[in-house]
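Hello,

Here is the structure I promised to pass on to you. Have a look at it first, and then read my notes below.

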Amino acid sequence: MSNIAPILAGLEQSQIRTDLPAFRVGDTVAVHYRIVEGDKQRIQVFRGTVIKRHRAGTRGTFTVRKVSFNVGVERIFVTHSPRIEKVELVSRGVVRRARLYYLRNLSGKAARIKDAKDR
């Protein structure tokens with residue numbers, strides 16, 4: 001049973017992506033996600049604020065929130081998924097929390113996050 005752990009660790013290490021930018025909670029990102037519809041593929045861009053990161057090796061995820069037509073939309077992405085074409089860092093945010101769930105209750109200008117260049 002103990003001889004399985006190094007095999008799994010090696011397998012997990014081979015799946016980790018190194019081409020993603022170093023983004024944090026509070027940053028605004030544009031995630032280019034590959035969507036498969038039948039036999040066709042297309043790239044959809046989901047742009048919003050990172051409100052949560054779950055760091056767990058290859059099982060890590062991040063949650064991106066945006067407001068579309070006055071409706072809040074959140075999407076959870078697997079960090080090392082092969083379906084993610086690329087992640088663009090649009091702007092850096094300055095926050096003092098690890099989870100920005102309070103943004104769900106705010107709207108309009110109250111939901112803004114200070115930008116790193118505004119400091």
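**What I found**

The mean positions of the 25 positive and 10 negative charges of the protein chain lie 8 Å apart. Please keep in mind that this is a predicted model.

Let me begin with the overall picture. The protein chain has 119 residues, and 31% of them count as buried. Its C-alpha atoms fill a box of roughly 55 × 40 × 25 Å along the principal axes. The accessible surface of the protein chain is about 8500 Å², and carbon and sulfur atoms contribute 51% of that. If you look at contacts in the protein chain with a separation of 6 or more, 52% of them come from residues 24 or more positions apart.

Now to the secondary structure. The protein chain contains one helix and five strands, and along the sequence these follow the pattern α-β-β-β-β-β. The five strands form an open sheet in the order 4-3-2-1-5, with antiparallel pairing. Strand 4 (71–78) and strand 5 (84–91) each have a single partner strand, so they stand at the edges and one side of each has no neighbour in the sheet. On average, neighbouring strands of this sheet are turned by 40° against each other, direction ignored. As general background, strands of a sheet pair through backbone hydrogen bonds, either parallel or antiparallel.

It may help to walk through the pairs one by one.

- **Strands 1 and 2.** Strand 1 (residues 28–37) pairs with strand 2 (residues 40–54) in the antiparallel sense, over 10 bridges. One place to find this on screen is V36, whose bridge partner in strand 2 is Q41. The hairpin of these two strands has two residues between the strands, and G38 takes a positive phi near 70° there.
- **Strands 2 and 3.** These strands run antiparallel and are joined by five bridges. Here R53 stands opposite F62 in strand 3. The hairpin of strand 2 and strand 3 has six residues between the strands, and in this hairpin G57 has a positive phi near 65°.
- **Strands 3 and 4.** Strand 3 (residues 61–68) is joined to strand 4 by eight bridges, and the two run antiparallel. To locate this pair, look for T63, which stands opposite I76 in strand 4.

The loop between strand 3 and strand 4 deserves a separate look. Which residue there has a positive phi of about 55° although it is not a glycine? That is F69, which has its place in the loop between strand 3 and strand 4. F69 has a relative accessibility of 80%, so it counts as exposed. N70 is found in the loop between strand 3 and strand 4 too. N70 is not a glycine either, yet it has a positive phi of about 65°. Is N70 buried or exposed? With a relative accessible area of 76%, N70 is exposed.

If you would like a route through the model, you could start with the hairpin of strand 1 and strand 2, at G38. From there, go on to G57 in the hairpin of strand 2 and strand 3, and finish at F69 in the loop between strand 3 and strand 4.

Enjoy exploring, and write back whenever you like.

Best wishes

Technical notes: Residues numbered from 1 in each chain as written. Predicted model: local features only at pLDDT ≥ 70, side-chain atom pairs only at ≥ 80, totals over all residues. Heavy atoms only, no water. Pairing = 2+ DSSP bridges. Helix = DSSP H or I, 4+ residues; strand = E, 2+ residues; numbered from the N terminus. Axes fitted to C-alpha atoms, helices over the stretch in contact; angles between N-to-C directions. Buried < 20%, exposed > 50% of the residue type's maximum accessible area, 1.4 Å probe, protein only. Contact = heavy atoms within 4.5 Å. Areas by Shrake-Rupley, 256 points an atom, 1.4 Å probe, with all protein chains shown as cover. Lys, Arg positive; Asp, Glu negative; His and termini not counted. Charge placed at Lys NZ, Arg CZ, Asp CG, Glu CD.
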